[in-house]
2 protein chains.
Amino acid sequence: MVSIDEVARAAGVSTATVSRALSGRGQVSAATRSRVLDAAAALGYVVSASASSLASGRARNIGVLLPVVDRWFFSTVLAGIASGLQSAGYDITLYALTDDPVERAAVFETFLRRRRVDGVIAIAISLDRSEVRRLVELGLPVVALGATLPPLPSLSVDDVAVARLATGHLTGLGHRALAHIGTLHDADDDTEREHIPSLRRRGFELALRDAGIARSSARHEQADFTIEGGHAAAMRLLDRPDRPTAIFAASDEMAIGAMIAARDLGLDVPGDLSVVGVDGHELSGFFGLTTVDQFPHDQGLRAAEAVLAALEAPTPPAPLPFELVVRGSTAAPSRG
Amino acid sequence: MVSIDEVARAAGVSTATVSRALSGRGQVSAATRSRVLDAAAALGYVVSASASSLASGRARNIGVLLPVVDRWFFSTVLAGIASGLQSAGYDITLYALTDDPVERAAVFETFLRRRRVDGVIAIAISLDRSEVRRLVELGLPVVALGATLPPLPSLSVDDVAVARLATGHLTGLGHRALAHIGTLHDADDDTEREHIPSLRRRGFELALRDAGIARSSARHEQADFTIEGGHAAAMRLLDRPDRPTAIFAASDEMAIGAMIAARDLGLDVPGDLSVVGVDGHELSGFFGLTTVDQFPHDQGLRAAEAVLAALEAPTPPAPLPFELVVRGSTAAPSRG
DNA sequence: CTGAAAGCGCTTACAG
DNA sequence: CTGAAAGCGCTTACAG
């Protein structure tokens with residue numbers, strides 16, 4: 001592989017000048033710069049990442065922590081992150097967090113401490129207190145995505161508002177017999193405000209209150225945020241005489257499962273049942289699902305921009321946009 | 001951050017000995033080693049990746065090239081790769097290949113040439129000839145996954161055999177009116193053998209021949225390997241009197257789309273229509289889809305092992321396993 | 001604007 | 001088994 005010396009020799013300058021011309025740091029005359037650039041291009045020279053980062057302290061590399069990579073939401077966010085980082089010339093080092101405590105610990109105690117990355121994007125869900133502390137101790141810019149994770153700066157949607165918007169759409173249509181598919185249980189007291197499923201359930205309940213519907217009249221079913229889980233929960237909800245006329249599912253995947261359950265039971269959507277989800281899943285259009293889109297790909301892009309900005313100066317937390325997208329899965333109730 | 005000097009001082013040895021004790025390379029007495037390990041642990045020392053790789057030429061890092069990250073198949077493979085690499089202590093640097101020619105070129109000409117990685121796993125689909133050449137020129141171990149990509153060592157399933165197995169299952173059940181959803185067109189002549197959709201269509205046709213069914217009697221519909229695409233293709237196939245009794249779709253996502261299309265048309269699966277796919281999609285169980293599983297997560301794991309092995313010695317190409325999983329979407333035809 | 005030189009934090013022959 | 005020292009390939013004050 002060609003080294004900086006060869007470029008320097010070819011361009012007739014010192015390695016210091018080559019470095020300056022290539023990095024854009026420091027003063028170089030236009031003529032010299034172009035001679036260096038030409039020589040580098042002719043030789044196919046690319047700066048060694050390890051030499052450069054050892055000498056400069058900059059790695060041109062961002063670490064990305066994901067709870068799981070093979071679920072639609074997270075892979076979509078990751079695609080956005082990759083796109084934002086690559087176009088800025090940054091590499092991305094991926095850390096998939098497993099449930100295995102030993103492997104998790106290794107990520108925080110070894111992998112992330114190799115000084116390989118200049119900053120970190122952490123998909124906030126699933127990080128516990130001590131892991132957040134370890135991230136802070138890294139002394140690097142860290143951006144949390146998807147949930148507020150104090151003291152880290154976070155990019156997150158207002159999940160209460162998201163759920164309230166989705167449910168409000170249903171009550172606005174005239175539905176009074178509502179059900180929620182999501183979580184039943186609050187997380188531990190002190191992490192409650194960060195537990196997204198709980199926030200969405202709270203938004204659901206606030207929307208009921210907004211509409212003057214008794215909280216006790218609404219049914220809740222627990223599910224695991226998958227299509228299968230949503231299907232099973234909806235079967236329990238729908239396969240009985242006092243079924244609800246509308247369901248707010250805390251994710252599009254569960255909502256799609258609910259739509260399939262309705263079909264399985266011979267119910268018409270939206271004739272017999274309205275369904276609304278959250279996310280903006282790639283299949284929501286195909287299934288005609290009304291949803292509150294939170295633009296996950298764009299979230300990844302923003303996280304990339306945020307961590308890059310944080311390399312220069314501390315960045316404040318920012319709210320993420322969301323939007324109700326009305327499709328065919330919701331309509332006014334046909335009865336009562 | 002603590003450096004190797006501090007560990008050396010704390011353990012009362014030279015930095016050379018610390019390096020040897022920590023890396024396991026070279027001879028160190030048991031007593032010394034444990035003193036060093038204790039000191040390193042007490043100080044929370046982690047070797048600097050850039051210093052270590054500059055000095056040793058080993059980066060403990062593998063590059064992974066993906067055509068897209070936010071599709072089920074690829075994110076599942078990636079999860080397998082990440083799991084295999086992380087448990088070996090390796091970092092993974094992710095390169096998402098876009099369609100943008102400038103960004104693609106940057107990956108091959110700049111990103112991969114920074115000497116940041118010790119080896120590369122390339123999801124073979126979508127790499128063109130010149131990109132393969134660039135990979136070879138890297139002079140690093142490269143493992144191609146999913147398609148043969150000479151001269152790179154490849155891990156791939158025999159896609160002709162996969163399709164033949166799937167289709168043979170259908171003809172074995174007694175179906176004679178078959179259709180294929182996949183690709184209609186062969187790729188360019190000289191890349192034909194690597195074009196997976198074409199290989200699967202060929203397997204379909206071989207199975208027809210095996211069963212003595214005229215090739216001309218089978219219908220083909222083009223689709224883009226998504227649920228939506230499979231749905232649209234199946235609608236064209238099924239919404240007419242001379243519809244087939246069985247469909248072989250070249251991916252599970254298309255097969256699921258076909259099952260949904262059948263339902264939309266009021267057709268019973270498998271009563272009126274049998275459907276078989278390829279992949280082992282996470283939803284294939286939920287939809288009761290018969291499929292040829294190719295274990296994508298496991299493929300990622302194997303690719304990780306293969307590239308790690310290739311760091312030591314050249315590895316030969318290897319065939320990947322696949323398996324017919326029969327579920328409720330296939331049965332003997334009820335007519336003709 | 002440019003160069004000589006120190007230094008980034010390790011690893012590894014080499015010598016003992 | 002252990003240490004002194006060179007060297008990995010850059011970057012960046014410092015001096016001019």
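**Entry 1: B:L37**

I started with B:L37, which is partly exposed because 15 other C-beta atoms lie within 10 Å. For the cut-offs, I noted that 20 or more other C-beta atoms within 10 Å make a residue buried, 12 or fewer make a residue exposed, and partly exposed is in between, with C-beta atoms placed from the backbone. B:L37 sits in helix α3 (residues 30-43) of chain B. Helices here are DSSP runs of H or I with at least four residues, strands are runs of E with at least two, and both are numbered from the N terminus. I also looked up B:A161, 124 residues along the chain from B:L37: their C-alpha atoms are separated by 52 Å.

A reminder to myself: this is a predicted model, where local features need pLDDT of at least 70, side-chain atom pairs count only at pLDDT 80 or more, and totals for chains, interfaces and linings use all residues. Residues are numbered from 1 along each chain as its sequence is written, while chains are lettered from A and ligands numbered from 1 in the order in which they are written.

**Entry 2: chain A against chain B**

Next I checked where the two chains touch. I found 37 residues of chain A in contact with 37 residues of chain B; contact means C-beta atoms, placed from the backbone, within 7 Å. On the chain A side, α4 (49-56), α5 (72-86), β2 (91-96) and α10 (227-238) each give two or more residues. Of these, α5(A) gives the most, with seven residues.

Then I laid chain A on chain B: a turn of 180° and a shift of 0.0 Å along the axis give an RMSD of 0.0 Å. That superposition is by least squares on C-alpha atoms of residues with pLDDT of at least 70 in both copies. The copies are therefore related as by a two-fold rotation axis. Both use the same surface, as 100% of the contact residues of chain A recur in chain B.

**Entry 3: the DNA strands**

Which residues are closest to DNA strand D? I listed A:I4, A:A16, A:S19, A:A55 and B:Q27, out of 26 residues that surround the strand. Near means a C-beta atom, placed from the backbone, within 6 Å. Helices α2 (15-23) and α4 of chain A, and α2 (15-23) and α4 (49-56) of chain B, each supply at least two residues of that surface.

For DNA strand C, I again counted 26 surrounding residues, the closest being A:Q27, B:I4, B:A16, B:S19 and B:A55. Here too α2 and α4 of chain A and α2 and α4 of chain B each supply at least two residues.

**Entry 4: strands and sheets**

In chain B, I traced an open sheet of six strands with mixed pairing, in the order β7-β6-β8-β9-β10-β12. Two strands pair if DSSP finds at least two bridges between them. The edges are β7 (219-222) and β12 (323-325), each pairing on one side only. Inside the sheet, β8 (residues 246-249) and β9 (residues 274-279) of chain B run parallel, joined by three bridges. One partnership I looked up is B:I247 with B:V275 in β9(B).

In chain A, β3 (residues 119-123) and β4(A) pair in the parallel sense over four bridges, with A:L145 as the bridge partner of A:I123. Strand β4 (residues 142-145) of chain A is covered on both faces: A:V142 and A:A144 are buried on one side, A:V143 and A:L145 on the other.

How values were computed: Contact = placed C-beta atoms within 7 Å.
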